[in-house]
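Subject: Structure handover and findings

Dear colleague,

I am passing on the structure we spoke about, and below it you will find what was found in it. Please read the notes with the coordinates open beside them.

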Amino acid sequence: MRVATDIGGTFTDLVYVDKNGEIGVAKSSTTPPNFEKGVIDVIHKSGIDQSQLSMFIHGTTVIINALTERKGAKTALITTKGFRDVLEIARGNRPDLFNVNYKKPEPFVERYLRKEVNERLSYKGEVLTPLEIKDVKECVEFFKKEQVEAIAVSYLHAYANPSHEQQTAELIKQLWPEVKVTISSDIVQEWREYERTNTTVLNAYVQPVATSYINRLENELKAQSNVEQRYIMQSNGGTTTFDSAKETPISMVESGPVAGIFGAAVLGEMIGEKNIIAFDIGGTTAKCSLIENGEVKVSTDYYIERDSRHAGYPIKTPVVDIVEIGNGGGSIAWIDPAGSLKVGPQSAGAFPGPIAYGQGGKEPTTTDANLLTGRLSSKNFDYEVDMEAVKSTIQSKIGSRFEMSAEEAALGIIRIANSNMLNALKLISIRKGHNPKEFTLLAFGGGGSMHAPALALELGVKKVVVPIASPVFSAWGMLLTDLRHDYIKTYIKRMNELTLEEINDAWIAIEEQALHHFEDEGMTSEQVEYHRFADMRYLGQEHTVKVPVDDEMWTDASKQKAIEDFHKLHEKNYTFKLEEAQTEIVNLHLTAFGKVEKPEIKKQIKAGTLQSAFKEKREVYFENEGWLTTNVYDREKLPTNEVLRGPAIIEEKAAVTVIYKQQQLYADEYGNLIIVKEEN
């Protein structure tokens, strides 16, 4: 039996699949700060036989929480003489050009804890100044006195030659074995000094927190069962072992959300949908990503805390391209100083939660609004719901301010939340040159199915898919992942001067590095699969285009094809190409997969009639329609391929699907709900 758990801001989800391909799910409250307790709680709640566990996969928000809440370790930095202030200088380009009060982001390491040593490499990795051992020893003595918990080491051009960083790390471990050490060449092998240094610092900052959490979780699991295959979800859409995750925890910065994106791509392949907008609404946030031709887009241009006014912090590690906003079921509705209704990004979280939870929540949330408008039923809550408290709070906090009824105010909250989510969907589709009508919206998470049908009508999407196990779909996606590591190395070569021997030697060296990594994780060479990409640009350009290239030994034909593909992709991304211009490679990117055996997902063909799935009639408040008597159905009992016309509500454990008059719905052979707009 395989089990996957995913920690969210409000709930911890679990999905398991047994040897017969049968799927089971469970959900329990997240338990900050002891997140491992929530994992054990949901395992117990699922009722699974833990002695049958063969694989455990985990997604966590511990890393992103430690960064955003500034709850990491006291961290120091050792760098090349003259580069102490690279974190302070950062980048000169501002996100808000005309903001005269703009401030650069505060470094995670205070200046007095940033120390320089004598050493210098050329951009080719040649030693210009040997490493001064005495300087390193002085740094360590100072950091000991300051009770530093983690040390980051980032030297100039270490991506081209890691020897000085490796010497430094060895010396620190001899002098101070207890302290955590991160060297940049182990984390990032790309150029761009600020981004590489910041990534190294952030890895060091969260490493003690991550190690402590993983150790606690590991101990809890060992006390419950003897499962040996324990993996953690990474931000690149693959998994890694617990031990590897302790060394490079920054690779888990978006650990939970990306699993759902990967799961959407796998499910899309199963049902014949190659172009997908994956849309995940949880209790705290809404996340979306675009999958084109079955490909999950991965980039190293990732930032935390970046928005229209703040530059944020770059993390040069492979992360699935994802847009995230602070809108979910627990998002609080409030009125700003100008008198406008807002929803989020503040969240009521798991505790006290929405008013409906009856645990002390005092602010109206999206969940409360959906409950008051009839989309949710009080009978399906784990708590006894005080409907009068929900109604009176929405009336007093929102309705009275706009001279409207509580129900109208609740619908206003839903419309504002939908508007925020619609903007996120446009960011990853329309604003990147994609027509949403050519994509299928795959909605999951506790709130995905409730909001997606309305958003599809506004966005022009013709089909919505609500997958099997939709409330815990991110955990479902983890069950289908492979081990994955990305190796990105700066390798600046002009294509007209590049020899086949040079490029093939470079690829072989990276593949050998990858194979050693996977062998350390217990994989064999037969289980490892490689995919190659080259970051290319026109001579004189600043930024690059990622080009898939030949996975075998390069020939003249391979080289020419890479150039031709670059021209096509450049035109697709930037609307023009310069076929006469010289091209060059900037980075080599190897994605390596350690293939693991996947569970076979069984079809779930169900006989019967729609009447057998009917639960009740309920009054639901719709925009432009008012109160409508609406049929409510049980998802578990819906017969396969029987068409249901809106308006209607389909209920399942922990989620609700709302379809409108213009839409119809049916359950496919895998149990997914397919929603399409009726033709006029």
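A pocket here is an open set of grid points where a 1.4 Å probe fits, with protein on both sides within 12 Å along at least five of seven lines, and its volume is the space filled by probe spheres set on the points. Please bear in mind throughout that this is a predicted model.

With that definition, the second largest pocket has a volume of about 980 Å³. It is lined by 37 residues, of which Asp-186, Ile-187, Glu-247, Thr-248 and His-517 are the closest to its centre. By character, the lining divides into 18 polar, 11 nonpolar and 8 charged residues. Several elements supply at least two lining residues each, among them helix H5 (163–175), helix H7 (193–224), strand S25 (483–494) and helix H15 (500–520); strand S10 (180–183) and the helices H6 (184–187) and H8 (242–247) also belong to this group.

Turning to the strands, which part of the structure encloses S13, and how is it paired? Strand S13 (residues 276–281) has 6 of its 6 residues buried, so it is largely enclosed by the rest of the structure. In a regular strand the side chains alternate between the two faces of the sheet. In S13 both faces are covered, since Ile-276, Ala-278 and Asp-280 are buried on one side, and Ile-277, Phe-279 and Ile-281 are buried on the other.S13 has two pairing partners described here: strand S14 (residues 286–292), which runs antiparallel to S13 over 6 bridges, and strand S23 (residues 440–444), which pairs with S13 in the parallel sense over 5 bridges. With S14, S13 forms a hairpin that has 4 residues between the two strands. Ile-277 can serve as a reference point for both pairings, as its bridge partner in S14 is Leu-290, while in S23 Ile-277 stands opposite Leu-441.

Helix H13 (residues 448–459) is mostly covered, with 10 of its 12 residues buried. The buried residues include Gly-448, Ser-449, Met-450, His-451 and Pro-453, and also Leu-455 and Leu-459. After H13 comes Gly-460, which has a positive phi, near 90°.

Finally, a word on the cysteines. With a disulfide taken as a pair of cysteine sulfur atoms within 2.5 Å, the count comes to 0 disulfides. Cys-139 counts as buried because its relative accessibility is 5%, under the 20% cut-off, and Cys-288 is likewise buried, with a relative accessible area of 0%.

Best regards

Note on methods
Residues are numbered from 1 along each chain as its sequence is written. This is a predicted model: local features need pLDDT of at least 70, side-chain atom pairs count only at pLDDT 80 or more; totals for chains, interfaces and linings use all residues. Side-chain values use heavy atoms; hydrogens and water are left out. Buried means under 20% relative accessible area, exposed over 50%, partly exposed in between (1.4 Å probe, protein chains only). On a 1 Å grid over the protein atoms alone, a cavity is a set of points where a 1.4 Å probe fits but cannot get out, and a pocket is an open set with protein on both sides within 12 Å along at least five of seven lines; lining residues have an atom within 4 Å of a point. Ala, Val, Leu, Ile, Met, Phe, Trp, Tyr, Cys and Pro count as nonpolar, Asp, Glu, Lys and Arg as charged, and the others, Gly among them, as polar. Two strands pair if DSSP finds at least two bridges between them.
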